[in-house]
Amino acid sequence: MKLSKATYSGPDSDGDLSFDIEAQIENSTESVVELVKTSLILVNSEGVSVAGSNDDEEDVYIDSNETASVDIRAPWSAKASGFSDGLEGMKAIVDVQLYRREFHNLGEFDLPKDHKTATYVKKGIDIAGLVKIIGATCIREKADDDGDIRISMNIGIRNISDIYFERVTAKFAIFDQEGAEVDRCEEYHSLAPHSGHSLEPGMYGVKAGRLKNCTGKLTIHVYQPVGFHSETVVVTKEDDD
């Protein structure tokens, strides 16, 4: 990884600094990288932390042995007063994690016809002996006074490995009988080693008539770490020109 740009401007009338930091990230793995997670620590000339930004995620698509440009998010408010020894010695410490994505389609299923019944995705998936999807249940709630209905999923997921998965995402979509998308939603969560979690994506405000003859579709996206980069660079004053 190379930090191709690391500049600051300000301070403004409130004493805040603004930053423009850009990284060129090389994917040296054999996998396609589809998620990067970045963190930034700004230190003064004595190497003391003054401000930072944590756990910032960006969806990307970086082929093996390819390079992509990613903006490193900076804190909303970094006070110049924290660099009382002088802004000239300021440094940015950037850490980047790379993740590949495993995509799994659990298929289409009927939606509940009313709030008294449920439908199920009985198909389970074992993802490379690491993560198990234990099926899913679709629940439809009773319409409110405005006729709006909430419809949601419960998907059981277990991590049976020693790997920490940064993100496991469940995407739930509804399609009408002609194949047009009616609505979609998603929910994601991290998954620690040897742990389980229930993901519950749901949508609200769908009318009963709109759900007639509709089907649901559920996909699971598992993000696994494949690499990381770290770089430290001096942050310079932005050219006013």
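Is R100 buried, partly exposed or exposed? R100 counts as partly exposed, at 22% relative accessibility. This residue returns in one of the close-up views below, which are drawn from a predicted model.

**View 1. Strand β1 and its two partners.** Strand β1 covers residues 2-9, and strand β2 covers residues 16-26. The two strands run antiparallel and are joined by 7 bridges. In this pairing, K2 of the β1 strand has Q24 of β2 opposite it. The hairpin formed by β1 and β2 has 6 residues between the strands. Within this hairpin, G10 has a positive phi, near 100 degrees. Strand β1 also pairs with strand β17, which consists of residues 236-237. Here the sense is parallel, and the pairing extends over 2 bridges. Y8 faces K237 of β17 across this second pairing.

**View 2. The salt bridge between K37 and E166.** The structure holds 12 salt bridges, and one of them joins K37 to E166. The closest N and O atoms of this pair are 2.3 Å apart. K37 belongs to strand β3 (residues 33-43) and E166 to strand β12 (residues 165-175), so the salt bridge ties together parts of the chain that are 129 residues apart in sequence. K37 counts as buried because its relative accessibility is 9%, below the 20% limit for that class. E166, at 11% relative accessibility, is buried as well. The pair also takes part in a network of salt bridges that links K37, D55 and E166.

**View 3. The salt bridge between D59 and R167.** The side chains of D59 and R167 meet in a salt bridge, with an N to O distance of 3.8 Å. D59 lies in strand β4 (residues 49-62) and R167 in strand β12, and the pair links distant parts of the chain, 108 residues apart. How do the two partners rank in accessibility, buried or exposed? D59 counts as exposed, with a relative accessibility of 54%. R167 counts as buried, with a relative accessibility of 9%.

**View 4. The salt bridge between R100 and E102.** R100 and E102 form a salt bridge in which the closest N and O atoms are 2.6 Å apart. R100, at 22% relative accessibility, is partly exposed. E102 is also partly exposed, at 23% relative accessibility.

**View 5. The surroundings of T38.** T38 is part of strand β3. Its relative accessibility is 4%, so T38 counts as buried. Which residues does T38 touch, leaving aside those up to four places away in sequence? The contacts of T38 are N54, D55, D56, I72, D95 and V96. One of these, D55, also appears in the salt-bridge network with K37 and E166.

**View 6. Cysteines C138 and C185.** How many disulfides does a search of the whole structure find? The search finds 0. The cysteine sulfur closest to that of C138 is in C185, and at 9.7 Å the distance is too far for a bond. A disulfide would need the two sulfur atoms within 2.5 Å. C185 is likewise in no disulfide, the nearest cysteine sulfur being that of C138. C138 is buried, with a relative accessibility of 1%. C185 is buried too, with a relative accessible area of 14%.

**View 7. The loop residue H194.** H194 is a residue other than glycine with a positive phi, near 55 degrees. H194 is located in the loop between β13 (181-191) and β14 (195-199). With a relative accessible area of 55%, H194 is exposed.

**View 8. The loop residue N213.** Phi of N213 is positive, near 60 degrees, and this residue too is other than glycine. N213 sits in the loop between β15 (202-207) and β16 (215-234). Is N213 buried, partly exposed or exposed? N213 counts as partly exposed, at 47% relative accessibility.

Terms used: Residues are numbered from 1 along each chain as its sequence is written. This is a predicted model: local features need pLDDT of at least 70, side-chain atom pairs count only at pLDDT 80 or more; totals for chains, interfaces and linings use all residues. Side-chain values use heavy atoms; hydrogens and water are left out. Two strands pair if DSSP finds at least two bridges between them. Helices (H or I, at least four residues) and strands (E, at least two) are DSSP runs, numbered from the N terminus. A salt bridge is a side-chain nitrogen of Lys or Arg within 4 Å of a carboxyl oxygen of Asp or Glu. Buried means under 20% relative accessible area, exposed over 50%, partly exposed in between (1.4 Å probe, protein chains only). Contact means heavy atoms within 4.5 Å.
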